[in-house]
Amino acid sequence: MWVSSVWRTTLSPGRRAQSALAQLRGILEGELEEIRGAGTWKSERVITSPQGPSIRVDGISGGILNFCANNYLGLSSHPEVIQAGVQALGEFGAGLSSTRFICGTQSIHKKLEAKLALFHRREDAILYPSCFDANAGLFEALLTPEDAVLSDELNHASIIDGIRLCKAHKYRYRHLDMADLEAKLKEAQKHRLRLVATDGAFSMDGDIAPLREICRLAAQYGALVFVDECHATGFLGPTGRGTDELLGVMDQVTIINSTLGKALGGASGGYTTGPEPLISLLRQRSRPYLFSNSPPPAVVGCASKALDLLMENSTIVQSMAAKTRRWSRSWASSSGSMAFSYL
């Protein structure tokens, strides 16, 4: 140990920097090799066309059918959505180069927030660069050490990470297990606020959260309900307003976080919508909101037009539902699998 220490101190600063970099490379290559060995290495497809049901992929001749995107309604390449983005780009520029509370809020942002609140039938809404940021910003700003959060064990990583940032007491209930949730709610009665956190539609398995039962238990034990609707907004429910509309509990869910990067145009951006005092608090204390650039105007314009198309009529939503039923029937007849039960 003494010899190694002396050897290091005799090296020049440049040699010590090179040695540290070599050490880092060795550590990283070892970790990367572990990922490859575990069979979990993730490769990226390079798409050479707009996102859509048929795409072109680098290295593959001709078009291929695309079933893996979250472009649920096909709006990412809708001509009216694209034109709205072009118009916003020309009118408001490429970006704000600033955070919202310094000089990064434009009229286009405020109009979209009002439209999102109207769409979800909530009091107010706040935009973020992504829904990951919305989840990172909510729990820390809202919950204190006096409070408790009760989270489904299979919630999205962004919910899990957001909850880790807050100082509230943390309870994890078994996936969709309402008996376990009730037991945790009983245990959490000693805390000031109790917030039940769940995905509306779980992206990996396609499970739909039993929101009727969750809301019933929340009311029974004096808790609030938070739902992440990233994989539901725009197409679940008769008018695409999400899981709470699908299950008839829109007036019982307190807070909704969702994304603009899937069904609502497919670009990027996220938001929180709920009670006006909560949204006002997030504008004051939510760190991803306070310290991140505003969503760019073109993205905001695209999402705003996507919402317009949804709110004008439910044709797009019903078309999605019809296609899902068609494919589920086809899949069931060919493989014996069960069709989707939520349509």
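Start by selecting isoleucine 47, which counts as partly exposed at 36% relative accessibility. You are looking at a predicted model, and this residue sits in the loop between H2 and strand E1 (54-56). Show its surroundings and leave aside the neighbours within four places in sequence: isoleucine 47 is then in contact with Ile55, Arg56 and Val57. For a longer view, add lysine 262 to the selection. Isoleucine 47 and lysine 262 are 215 residues apart in sequence, while their C-alpha atoms are 17 Å apart in space.

Next, go to helix H2 (residues 13-38) and pick out leucine 28. With 40% relative accessibility, leucine 28 counts as partly exposed, because that value falls between the 20% and 50% cut-offs. Now add Leu21 and Leu24 and switch on the surface: together with Leu28, these residues make a nonpolar surface patch of about 250 Å². A helpful reminder while you turn the view: an α-helix has 3.6 residues a turn, so residues three or four places apart point the same way.

Your third stop is a pair of loop residues with notable backbone angles. Select arginine 121 in the loop between helix H5 (107-120) and strand E3 (124-128). Its phi is near 60°, a positive value in a residue other than glycine. Arginine 121 is exposed, since its relative accessible area of 54% is over 50%.

Then jump to leucine 176, in the loop between strand E5 (169-173) and helix H8 (178-187). Here too phi is near 60°, again positive in a residue other than glycine. Leucine 176, with a relative accessible area of 28%, is partly exposed.

Finish at helix H6, residues 131-142. Begin just ahead of the helix, at serine 130, which caps the N-terminal end of H6. Draw a distance from a side-chain oxygen of serine 130 to the backbone nitrogen of phenylalanine 132, and you should read 3.3 Å.

Now check the length of the helix. At 1.5 Å a residue, the 12 residues of H6 should span 16 Å, and the end C-alpha atoms are indeed 16 Å apart, so the two agree.

Is helix H6 largely enclosed or largely open? Colour H6 by relative accessibility to find out. Of its 12 residues, 9 are buried, so H6 is largely enclosed by the rest of the structure. Click along the helix to meet the buried residues: Cys131, Ala134, Asn135, Ala136, Gly137, Leu138, Phe139, Ala141 and Leu142.

Notes. Residues numbered from 1 in each chain as written. Predicted model: local features only at pLDDT ≥ 70, side-chain atom pairs only at ≥ 80, totals over all residues. Heavy atoms only, no water. Helix = DSSP H or I, 4+ residues; strand = E, 2+ residues; numbered from the N terminus. Expected span 1.5 Å × (residues − 1). Buried < 20%, exposed > 50% of the residue type's maximum accessible area, 1.4 Å probe, protein only. Polar contact = N/O pair within 3.5 Å; in protein donor to acceptor, adjacent residues only side chain to side chain. Patch = residues over 30% accessible without salt bridge, like charges linked within 9 Å, V, L, I, M, F, W, Y side chains within 5 Å. Areas by Shrake-Rupley, 256 points an atom, 1.4 Å probe, with all protein chains shown as cover. Salt bridge = Lys/Arg side-chain N within 4 Å of Asp/Glu carboxyl O. Contact = heavy atoms within 4.5 Å.
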